Amino acid sequence: MNSLGKYCLFIISLFRQREKFKVYISLIIDECILIGVDSVYVVAIVSTFIGAVSAIQTAYNLTSPLVPLSTVGNIVRDFTILENAPTFTCLVLAGKVGSSIAGGLGTMRITEQIDAIEVMGINSSSYLVLPKLVAAILVFPMLVTVSGFLSIAGGYAATVYSGVLTHYDFVTGLRDSFVVFNVFFALIKAVVFSFLITSISSYQGYYTQGGALEVGKSSTNAVTNSCIAILAADYIIAKLLL
Amino acid sequence: MIEVNQLNKTFRDKKILTNISVSFESGKTNLIIGASGTGKSVLLKCIVGLIKPETGKILYNNREFLSADNETLKTIRREMGMLFQGGALFDFKTVHENVMFPLHMLSDMSKTEKMDRVNFCLKRVGLEQASNLYPSQISGGMQKRVGIARAIVMNPRYLFCDEPNSGLDPLTAIKIDDLIQEITHEYNTTTIIVTHDMNSVVSIGENIAFVHQGEIVWKGNKDNILQTQSTPLQEFMFANKLIRDSIKK
């Protein structure tokens, strides 16, 4: 409870006594590159392979002659849009981005760089964390979109090129009973998860105390807590919106 | 001038600072000395506002700091410059960008004026050739000098130095001390230095406060410190047997 209260106060502090808006613009662009562009590679690999595996395993389980093979494309599509692209991608990003944010801020804390900013009369939490938060909210939905496309492409490649399904079966499944809201649902999840990952990791890093060992612990806590928060939020959003 | 009145600080039921009252004069190098763990760094952090004490007052030229409104607090903070123990330079910025940082964030100067000011400060600390290097590419002494350049770039009224000599060889330590003293006299800043280096004490200690177990037990200057009758201060100063024996002789 104490930590939750401290976390809420930390979030409020990001928006109080901010610096001039122009200060944040270049920082947000830098963070977009760091959080977004640098994560494309890992997101692409994970999404493509999970899409491929999910397609093959679905096809493997659909043994009944009464179920058309196009169902594989249908399941891969819904699994990708509803769960794989937003949730799995964000879990991967919690590991990559979350640990990097917590480690970076933790190191800045123990080497007194954050104190140096505070002494100058600058709101250090706002200056350091707000650009990360805004950048993550901007780029996570883009990464999730990329992930969605690549996951479906992975599923297509794995099933069609290996002869499990025909091009026609897979594409028919993809197009069948498509619900546009599911895409918005995925993007809403991406925004919520991006906020959780960035804020939790920043909180862990910002309040690091001690030395190098504690920076490591902060990074671990950032990833663990972010993953738990993602899974809990995933359930709540699904319950509320579906 | 900075005045500290009846300052108290406790960490988890452990009293760190007890009724600290001391004034630091402008245009002088004011030293807070004491052994490790006696509370001198906590005192400095209370003075600059990084740690909030339970009770007490801190006056910056008669402006109350601890209960100040946001605007006054911002004004006072922008009159401060601080050199941290480890330099606290931003790893992701070059030397030039580090020194530019306060100007970039807090000043309304034009780009040319900012560049001139940064170049002047780097020249003042003798680092104009290192401006494009990153902190990891320069020595500890150079990092301290960059820290000084960053601290003075906004023309501070108050300069704070936390262990400016730690981790430096004696020759570089003397250079850093001299630089801080020169800047103090040149710009008439109120400079507070936390140190346990006896070389600093005897060379630049124009106003000294000795902290022992969270209390100030002695005040004076470099001219009368060696004649002190305070036992804790004597133990601190003459901890080195070689120095103790040579003083006795």
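Start where the two chains meet: select the 15 residues of chain B that are in contact with 13 residues of chain A. Bear in mind as you go that this is a predicted model. On the chain B side, colour α2 (70-77), β6 (80-83) and α3 (95-106), since each supplies at least two of the residues that touch chain A. Now colour that side of chain B by residue type: you'll get 10 nonpolar, two polar and three charged.

Stay in chain B and bring up the sheet. It's an open one of four strands, ordered β2-β1-β4-β5, with antiparallel pairing. Pick out the edges next: β2 (14-24) and β5 (63-64) of chain B each pair on one side only. Then show β1 (residues 2-11) of chain B beside β2(B), and follow the seven bridges that link this antiparallel pair. For a spot to zoom in on, try B:V4, which sits opposite B:V22 in β2(B).

What packs on this sheet? Select helix α1 (residues 40-48) of chain B: this helix touches β1, β2 and β4 (55-60) of chain B. Look along α1 and then along β1(B), and you'll find about 120° between their directions.

Last stop, chain A. Select helix α4 (residues 70-110) and helix α8 (residues 181-206) of chain A, which pack with their axes 8 Å apart and at an angle of about 20°. Angles under 35 degrees count as roughly parallel, so that's the label for α4(A) and α8(A). Their crossing is right-handed. Colour the residues of this contact by type to finish: 18 are nonpolar, 11 polar and three charged.

Notes
Residues numbered from 1 in each chain as written. Chains lettered and ligands numbered in written order. Predicted model: local features only at pLDDT ≥ 70, side-chain atom pairs only at ≥ 80, totals over all residues. Axes fitted to C-alpha atoms, helices over the stretch in contact; angles between N-to-C directions. Parallel < 35°, antiparallel > 145°, perpendicular 65-115°, else oblique. Left-handed = near helix turned anticlockwise from the far one by under 90°. Nonpolar A, V, L, I, M, F, W, Y, C, P; charged D, E, K, R; others polar. Contact = placed C-beta atoms within 7 Å. Pairing = 2+ DSSP bridges.
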